[in-house]
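Trainee: Before we look at the structure, could you take me through how each label is earned, setting the value against its rule?
Mentor: Gladly; here is the entry, and we will begin with a term that we need.

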Amino acid sequence: RILVTGALGQIGSELVMRLREIYGASHVIATDIRRTDSPVVESGPFEILDVTDAEAMYAVAKKRQVDTIIHLAALLSATAEAKPLLAWNLNMGGLVNALEVARELDCQFFTPSSIGAFGPSTPKDNTPQDTIQRPTTMYGVNKVSGELLCDYYYHKFGVDTRGLRFPGLISYVAPPGGGTTDYAVEIYYEAIKQGRYTSYIAQGTYMDMMYMPDALNAIITLMEADAAKLKHRNAFNVTAMSFEPEEIAAAIRKHIPSFTLDYDVDPVRQGIAESWPNSIDATAAKEEWGFKAAYDLDKMTADMLQKLSEKLTPANLHPS
Ligand code: VAH
C-alpha cells in the first residue's frame with residue numbers, strides 16, 4: 001500500500017489517479033491538509049493529514065499498513081521565498097517526519113527535489129548530475145537539505161529513498177501553487193480564455209520543463225527500478241525540454257495564430273529563475289533506470305490546448 005502526502009497538489013492530483021489505476025484504488029491512501037471534492041478524495045481512501053504532525057503521520061501509515069511513502073506536501077519556490085520560516089518548518093519538518101515513518105515501518109520512499117536545488121554558482125548549461133549546489137533561495141536550501149537527508153536515511157538506516165530533481169511541471173488538472181515556473185502553465189489557460197498572456201518571467205529566461213505525464217512515468221519507473229542499478233538516489237536530474245517565454249508563445253501560435261505575449265516582470269520570481277540552470281543533463285537517469293520523456297514543446301502544447309479547451313467552458317474560448 002502507498003501513502004501519498006500532498007495528494008491534492010499539482011503532482012498528487014494526477015499521480016494518485018495513475019497509481020490507483022496501476023495498483024488498485026484501495027492500495028493508494030491519499031492524504032492532504034484539507035478535503036476537497038476532488039476525484040482524488042472520491043476514488044479511493046483519503047485522510048486529512050498535517051505532515052508537520054509526526055504522530056498523526058505514523059498513525060495513518062501504521063493503520064493503513066503502507067509499504068511505500070510518496071511525500072509531496074511542500075511549499076514551492078515563490079511561496080517559500082515569501083514565507084521562509086514557514087517553508088523551513090513545513091518542507092523540512094514534513095520531510096523528516098515522513099522519513100522517520102519510512103524508517104520505523106520499513107517503507108520505500110520518494111520525494112521530489114527540483115532544479116531549484118542548484119544555485120548561481122552551478123554550471124548553467126547542461127548542468128551535470130554531480131556538481132556544486134549552493135542555492136540562494138529558501139526552497140533551494142530545503143531541496144538540497146532534503147536530498148542530503150534522504151541520502152543519509154539510505155546510507156545510515158537502509159531506507160530505500162529515491163528522488164527526482166523536477167523541472168517546471170506543466171499540467172491541466174491541478175495548477176501549481178506558488179512556483180516560479182507557473183507562468184508556463186498560466187500561459188496556456190490565458191491563451192484559451194483571453195488569447196493573450198502577460199509573463200512575469202522575462203523574455204530570454206530559459207528553464208527546464210516537463211509535461212506531467214512524463215513526470216508521473218518518471219516517478220513510477222524510478223520506484224520500480226532495480227535498486228542494484230542505481231548509482232544515485234537523491235536526486236536524479238530529469239528534464240524534457242528547456243525554453244524561454246517567446247518559444248512557448250510561438251508553439252501556442254501554431255494553434256492560436258492571434259495569440260500575443262507581453263511582459264510585466266516580477267523581480268522576485270525573475271531573480272529565482274535566474275539563479276537556476278538554463279538546461280540540465282539527465283544522462284544519469286537515462287543510464288541508471290531508463291528515463292525518457294515522450295513530450296516535447298510542440299507535442300505538449302497540442303495536448304495542453306486541446307485538453308484545456310475541453311476543460312474550460314466554451315464561453316471562455318478565445319475566438320481564434
Ligand atoms: C517551482 N514548480 O517553481 C516548482 C519547481 C523547478 C520548479 O520546483 O517552485
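Mentor: Contact here means heavy atoms within 4.5 Å, and please keep in mind throughout that this is a predicted model. With that rule, and leaving out residues up to four places away in sequence, Met300 touches Ile170, Tyr188, Tyr211, Met241, Phe243 and Tyr295.

Trainee: What makes a set of residues a nonpolar core, and which residues have the most contacts inside the largest one?
Mentor: The members must be buried residues of the listed nonpolar kinds, joined through side-chain atoms within 4.5 Å. The largest nonpolar core has 65 residues, and those with the most contacts inside it are Ile170, Tyr183, Tyr188, Phe243 and Met300. Apart from it lies another core of 37 residues, among them Leu15, Met223, Ala225 and Val238.

Trainee: Why is Thr301 called buried?
Mentor: Buried requires under 20% relative accessible area, and Thr301 has 0% relative accessibility, so Thr301 counts as buried. Thr301 is found in helix H12, residues 297-311, and, leaving aside neighbours within four places in sequence, Thr301 is in contact with Tyr188, Ala251, Ile252 and His255.

Trainee: Why is Asp106, by the same scale, called exposed?
Mentor: Exposed requires over 50%, and Asp106 has 63% relative accessibility, so Asp106 counts as exposed. Asp106 is placed in the loop between helix H5 (84-104) and strand E5 (108-114), and its phi is near 55°, a positive value in a residue other than glycine.

Trainee: What makes a positive phi worth a remark?
Mentor: Most residues other than glycine have a negative phi, and most peptide bonds are trans. Asn126, which is not a glycine, also has a positive phi, of about 55°, and Asn126 lies in the loop between E5 and helix H6 (138-157). As for the peptide bonds, the one from Asn234 to Ala235 is cis, with omega near 5°, and Ala235 is found in the loop between helix H8 (212-223) and strand E10 (236-237).

Trainee: How do you know that Tyr183 and Tyr200 form an aromatic pair, and what makes the pair edge-to-face?
Mentor: Ring centres must lie within 6.5 Å, and planes over 60 degrees apart count as edge-to-face. By this rule the count comes to seven aromatic pairs. Tyr183 and Tyr200 are 6.3 Å apart centre to centre, with 85° between the planes, and form an edge-to-face pair. Tyr183 lies in helix H7 (residues 183-193) and Tyr200 in the loop between strand E8 (196-199) and strand E9 (207-211), so the pair ties together parts that are 17 residues apart in sequence. Both Tyr183 and Tyr200 are buried.

Trainee: How do you know that the charged end of Arg103 sits over the ring of Phe157?
Mentor: The charge must be within 6 Å of the ring centre and within 35 degrees of the ring normal; the charged end of Arg103 is 5.2 Å from the centre of the Phe157 ring and sits over that ring. Arg269 lies over the face of Tyr200, at 3.4 Å from the ring centre.

Trainee: What makes the approach of Tyr139 to the ligand a polar contact?
Mentor: The rule asks for a pair of N or O atoms within 3.5 Å, and an N or O atom in the side chain of Tyr139 is 2.6 Å from an oxygen atom of the ligand. The pair meets the rule.

Notes. Residues are numbered from 1 along each chain as its sequence is written. This is a predicted model: local features need pLDDT of at least 70, side-chain atom pairs count only at pLDDT 80 or more; totals for chains, interfaces and linings use all residues. Side-chain values use heavy atoms; hydrogens and water are left out. Buried means under 20% relative accessible area, exposed over 50%, partly exposed in between (1.4 Å probe, protein chains only). Rings of Phe, Tyr and Trp (its six-membered ring) pair if their centres lie within 6.5 Å; planes under 30 degrees apart count as stacked, over 60 as edge-to-face and the rest as tilted. Helices (H or I, at least four residues) and strands (E, at least two) are DSSP runs, numbered from the N terminus. A polar contact is a pair of N or O atoms within 3.5 Å; within protein, one must be able to donate a hydrogen and the other to accept it, and residues adjacent in sequence count only if both atoms are side-chain atoms.
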